[in-house]
Amino acid sequence: MDSGSKHTPPKLGQWLLKKVCPTSMYEDVEGDLEELYQKRIESGKGKWIARFLYIYDAIGTSRLRSIQLRRQFNENYKKDHFAMFSNYFKIALRSIQKHKGYHFLNIGGLAVGLAAFLMIALYVHYELSYDTWMTDSDRIYRIPMEIGSEGNSRKFSLISGTAAPALKSDYSQVEEALRLWKRGTRLVELEDGQKFYEENVYLADSTFFEFFDLEMINGNEEAALNKPNTLVLSEAAAIRYFDNVGTAMGKTININGTDYEVSGVMENTPGNTHHDFNMVVSWASLGNWGALDNWHLTMFSTYVKLGENVDKAAFAADIRSLANNYVADQIEENGQAYIYYLQPVKDIHLYSDFGFEAKPSGSITTVYVFGIIGILILFIAGLNFINLSTARSEMRAKEVGMRKVIGANRSSLIGQFLGEAFVLSMLSFVLALVIFYLAFPWYNELVGLPYDASIILNPIVTVLMIVLTAGVGLLAGFYPALILSSFNPLSMFKSRGGTQNRGAVLRKVLVVGQFTVSVILIVSTITVFKQLNHMMVKDLGFNKEQMMVLPIRGGFDIETQYEPVKNVFGNLAAIEGVTLSSAVPGQGVDNFATWLPREENNMMQSMYYLFVEYDFAETYDLEIIAGRDFDQSYSTDLGGAFLINEEAVKSFGWSSAEEAVGQRIQSGAGGFIAEVVGVFKNFHYQSVDQVVDPLMLNIRDRVGAITLKIQADNIPQTIEEVEAAWASIFPDKPFEYEFLDESFDAQYSSFTRMGNIVLTFSILAILIACLGLYGLAAFSAERRTREIGIRKVFGATVSSLTATVSIDFLKLVLISTVIGLPAAWWLISTWLNQFAYKIQPDVGMFLLSGIIAFAIALLTVSHQSIKAALANPTDSLRNE
Amino acid sequence: MKVTELGALEELVLLTVASMGEEAYAVHIKEEVEQQSGRSFNISSIHTTLFRLEEKKFLQSEMGEPTAERGGRRKRYFSLTAAGIQALQQYRELRNRLWDLIPETLINRR
């Protein structure tokens, strides 16, 4: 072929070809077309035809595009990846080694957040799971009641023994009914003479297992509680008594002088139940007890199981005036109203405000607060991770540029960044598991969950964690992936490249978010502790220090034992006071209908009673503000006198304490009438967060405990002496004691716990936020090294430079404070509402929180900014 | 044994490339095919067929040396792969089988 006469193909054709033909085939295809062009001309076709054909062919190459696409697709998914992965991996590893600090912050922060979230989630889940394990738990309801009379109404979770049978017989919606009577701790004697104090002893109808379907290890659940004088033991109790669960059946157990046969052994009650059943005695053992026919008692828990598809609202409306179907006249006579409610059993633990619960209640508010804190912590940690990853990736702009030049396409870049973020987040996941495992035992002491650290092996937990982590990782990877991969590679290599500050707005938003949360948490923590403190130092109105309480279980014989108790204990040198009462503060009191005798007034009220003896008010340091204390020299004081508190005075409608003295009151606790001889200042005989209700003191032989006021020194010896004295009076009762201040303060345990938890997690959350801020400050400083260097050269002082770098971040913290404080105020107000005696949030608290947040931020940022300000300008300007 | 799907033009091109040895590049292949079959073909069809065959792994291609006549551009040379040879043989056998099934009388009718 002669190369002399070269014909050039038409420009249009060439341009078309370039546009249409796939790049990978361009070279040879273009060559082919040109060769054809030559040949056509040489074979005499004519120039124009040849040109036309060239253009035609050029357009025709479009058919190759589909092949090209398919090829690319295959390549991406088959050939490339292994080699690319190892390259990415190497780069990621190198990056981690080069910036150990940064990565440590990043992975660590996320790991801590994940672990904390998991711990909180476990707690929240547990609290919410109370009473859900029973089969058909969504059909099981408790029937509490409210007794209302003019001026007040009181709620009771315990009602009469007549309600359950009435509900079962009168309403077809009721499948089964159950009564429970918690007797509490009882002295138990075995055949071989061993004695135990057994807690959580209950009486229950034979339908017990229809409601609380604990598994029977021995015995038949349908028959075990049918006969009188039989009982079922929990596994723990059986082991305690007989060592071997198998031998328990058929044995005889004596409680309070009566023999019972063990008719079954059942599994232990799960911790997330509002009762704990150690021993369940058959209801039939009560025989024909008159109290069971009385509608006016509040003694028994009543449950119903409704049929499926029952209209609950209608049923609840129906049963409201249940008692009116039976004793309406009596109720009206007393000027009261009995209202019955339908309470889902699942709501009892967290929502019930009917009082008299068998176990300390949880609080739904607390659960919400915890849930929110948990989510917030995760939120902060996740934001942190994203923020730091994003900032970091912008420093890699040059790397991205290089990759693009070499030929990486956008999707593989995205893949790389996503992959990296994913790997980092998975590392966090592993670290989170480790942290969780180590921290859990300590945490569980605060919270008391019945799990151990191996809960993380639970598949649900693991999957949840992985999903969370992956989610955060992907989120973190997306932003840099999308933004960076869109950079124009050339601009990377220009001198300004690599110092761009895209996404600054996003970062600022994230920082504000984190610190707002921190501010809220600081306020919350301060609130919780202040409230706790308030409750604990509140003047209780009685003396709880150095009070030793000896509970009396089983019988107490006033005749033979009263004098000895007063004398034997009173004679001990260390004892300053001895008194007996039906209960001690914090342990629950009796309540009875009470009214002013008929001839004067018809209003019947429900009042709380404590049955005491002469020295009670003195021993407990109650303050008598009108009238006098009980006095042995007045013979009528034995049973015929009342000491009432200020609230009772108000309740009966007397205008002053003095007016109350001398008034006569009739009590439903036996129908006796007695005269008010004195009025005492309110004291907290129930838990401190409740309003003080009216209380009446009367001398009667209902003895539940002996209280000894002891001297403060040499307590161990005192205990020994008391034990000896006890043995001399009560030879067959095991010696048991507790200190009133401990047992009373135990009420606060749930709040103290919560306070500790809130404190811990607040610190954690703030720590994580600070980590984030620190990392960002570091990047900001790094980015501005040149600027700082130049300023320094022109004479800026270290302090002004520090200020320059810090000011931006501090502005953000200011915004956080402005947003966070109102939100915090709302949150704590809601939480505080559950307390009858609460602190008032004051400006000082909020100011303090703001200052703390600010100080923390300043500290965090300053380290970096000072470092930057101190840098030697020659270093930073070296590369110019 | 499942016979691989091979279009008419694909088989034609494949056979042609097989017979050409060293010089099998797009324009040359086109000329050869046109000469043998007596029909004319679009260069695009030839290109498409060649690349499709390459996709199916019946052909492999190699870039040659830059040539002066093409202004420094390289040519793409195609050759058969083992799979390609196998595909051709399969088709040959298929055809023979089918031919054998045809009654004598039909074939020999003039």
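This passage describes the make-up of chains A and B in a predicted model, then one helix of chain A and one helix pair of chain B.

Chain A contains 30 helices and 24 strands. Of its 880 residues, 52% are buried. When contacts in chain A are restricted to residues at least 6 apart in sequence, 78% of them join residues at least 24 apart.

Chain B has 110 residues, of which 40% are buried. Its secondary structure consists of 5 helices and 2 strands, and these follow the pattern α-α-α-β-β-α-α along the sequence. For contacts in chain B with a separation of 6 or more, residues 24 or more positions apart account for 52%.

Within chain A, helix α24 spans residues 715-729. The helix has 15 residues, and the distance from its first C-alpha to its last is 21 Å, close to the 21 Å expected at 1.5 Å a residue. Six positions need to be considered together on the inner side: T718(A), I719(A), V722(A), A725(A), W726(A) and I729(A) are the buried residues of α24(A). Viewed down the helix axis, these buried residues fall within an arc of 125°, and they therefore line one face of α24(A). The other side of the helix carries exposed residues, namely P716(A), E720(A), A724(A) and S728(A).

The buried residues of α24(A) pack against both strands and a helix of chain A. The strands are β14 (547-551), β15 (575-581), β23 (705-710) and β24 (738-739); the helix is α19 (558-570).

In chain B, helix α1 (residues 8-20) packs with helix α3 (residues 43-55). The two axes lie 10 Å apart and form an angle of about 80°. Angles of 65 to 115 degrees count as roughly perpendicular, and α1(B) and α3(B) are therefore roughly perpendicular to each other.

On the α1(B) side, the contact involves L9(B), E10(B), V13(B), L14(B) and V17(B). These residues meet S45(B), I46(B), T49(B), L50(B), R52(B) and L53(B) of α3(B). By class, the contact between α1(B) and α3(B) comprises 7 nonpolar, 2 polar and 2 charged residues. The charged residues are E10(B) in α1(B) and R52(B) in α3(B), while the polar residues, S45(B) and T49(B), belong to α3(B).

Definitions and conventions:
Residues numbered from 1 in each chain as written. Chains lettered and ligands numbered in written order. Predicted model: local features only at pLDDT ≥ 70, side-chain atom pairs only at ≥ 80, totals over all residues. Heavy atoms only, no water. Helix = DSSP H or I, 4+ residues; strand = E, 2+ residues; numbered from the N terminus. Expected span 1.5 Å × (residues − 1). Buried < 20%, exposed > 50% of the residue type's maximum accessible area, 1.4 Å probe, protein only. Arc of directions from axis to C-beta. Contact = heavy atoms within 4.5 Å. Axes fitted to C-alpha atoms, helices over the stretch in contact; angles between N-to-C directions. Parallel < 35°, antiparallel > 145°, perpendicular 65-115°, else oblique.
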